[in-house]
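Trainee: Got a minute to walk me through a structure? I'd like the overall picture, then a few residues.

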Amino acid sequence: MSLSDKHQCREIITKAICGKGRKFSTVTHTVTPPHSPTSILGAWIINHQYEAVAAGDGIEVIGTYDINIWYSYDKNSQTDVAKETVSYVELVPLSYLDPKHRASTVEVSAEATQEPSCVEASVSSGGGNVIIRVEREFCVELVAETKVRVLVCGRGHGDYEDKEFDFSDDVDYDDLDPDSLDDEL
């Protein structure tokens, strides 16, 4: 039996998702408005910007957002809006990491699956500050070159030259239910 009649393996180098992670977090910020607040009328987070960088066995999401607090003061007779820009660094651990990826080819990305949003705003017990509770969530991916092994069949083990295949498309896509399809194909 010659080498061409045996099964052989080949290694293919390809780009693939070699790491994934997700992190939900709740953080608290303290904002000091120019006037001592009596009550909170509203709190919003706007202008969220972020980027992702590789950091050991995780991915750091580095970003900023603006907190806007509409509040009353002077015994609820006046209103104002306090604005503060917050910087953060969120380390998202990778729940999966292929240890055999080529580190020199790493590209990372992050997606805010839940944009930072204010879930609670209250006047501090001392009365001079506003306590803001913010929730946020990120999904991250690490893409890099890695090796994939494939089985190569020699002649006699899968000789398809004499066979005919019909690759016509007989599927009626109008009958498919879009709600039953998997979003992450």
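Mentor: We'll go from the overall fold to the largest pocket and then to single residues.

Trainee: Before that, what kind of model is this?

Mentor: This is a predicted model: local features need pLDDT of at least 70, side-chain atom pairs count only at pLDDT 80 or more, and totals for chains, interfaces and linings use all residues. Residues are numbered from 1 along each chain as its sequence is written, and side-chain values use heavy atoms, with hydrogens and water left out.

Trainee: OK. How many helices and strands does the protein have?

Mentor: Zero helices and seven strands. From the N terminus, the order is β-β-β-β-β-β-β. Helices (H or I, at least four residues) and strands (E, at least two) are DSSP runs, numbered from the N terminus.

Trainee: What share of the residues is buried?

Mentor: 27% of the 185 residues. Buried means under 20% relative accessible area, exposed means over 50%, and partly exposed is in between (1.4 Å probe, protein chains only).

Trainee: And how much accessible surface is there?

Mentor: About 12600 Å², with 48% of that belonging to carbon and sulfur atoms. The areas come from the Shrake-Rupley method with a 1.4 Å probe; for residues, only the protein chains shown count as cover.

Trainee: What about contacts across the sequence?

Mentor: Take contacts between residues at least 6 apart in sequence: 77% of them join residues at least 24 apart. Contact means heavy atoms within 4.5 Å.

Trainee: Switching to pockets. How much space lies in the largest pocket?

Mentor: About 250 Å³. Eleven residues line the largest pocket, and the closest to its centre are Lys20, Glu111, Cys139, Val140 and Glu141.

Trainee: How is a pocket defined?

Mentor: On a 1 Å grid over the protein atoms alone, a pocket is an open set of points where a 1.4 Å probe fits, with protein on both sides within 12 Å along at least five of seven lines. Lining residues have an atom within 4 Å of a point. Grid points are joined across faces, edges and corners, and the volume is the space filled by probe spheres set on the points.

Trainee: Which strand gives the most to that lining?

Mentor: E6, with four residues. Strand E1 (8-31), strand E6 (107-123) and strand E7 (130-152) each supply at least two.

Trainee: How does the lining divide by residue type?

Mentor: Three nonpolar, three polar and five charged. Here Ala, Val, Leu, Ile, Met, Phe, Trp, Tyr, Cys and Pro count as nonpolar, Asp, Glu, Lys and Arg as charged, and the others, Gly among them, as polar.

Trainee: Now His48. Buried or exposed?

Mentor: His48 counts as buried because its relative accessibility is 18%. His48 sits in strand E2 (residues 37-55).

Trainee: What does the His48 side chain pair with?

Mentor: The side chain of His48 makes a polar contact of 2.6 Å with that of Tyr88. The side chain of Glu115 also makes a polar contact with that of His48 (2.6 Å). A polar contact is a pair of N or O atoms within 3.5 Å; within protein, one must be able to donate a hydrogen and the other to accept it, and residues adjacent in sequence count only if both atoms are side-chain atoms.

Trainee: And Ser72?

Mentor: Ser72 is in strand E3 (residues 58-73). Ser72 counts as buried, at 3% relative accessibility. Its side chain has polar contacts with the side chains of Ser39, at 2.7 Å, and Asn76, at 2.4 Å.

Trainee: Where does Asn76 lie?

Mentor: In the loop between E3 and E4. Asn76 is partly exposed, at 48%. Its phi is near 65°, a positive value in a residue other than glycine.

Trainee: Why flag a positive phi?

Mentor: Most residues other than glycine have a negative phi. Lys75 is another such case, with phi near 55°. Lys75 is in the loop between E3 and strand E4 (78-93), and is exposed at 77%.

Trainee: Last one, Arg133. Which strand is Arg133 in?

Mentor: Strand E7. Arg133 is partly exposed, with a relative accessible area of 31%. Its C-alpha is separated by 9.0 Å from that of Thr30, 103 residues apart along the chain. Beyond neighbours within four places in sequence, Arg133 contacts residues including Thr28, Ser117 and Glu120.
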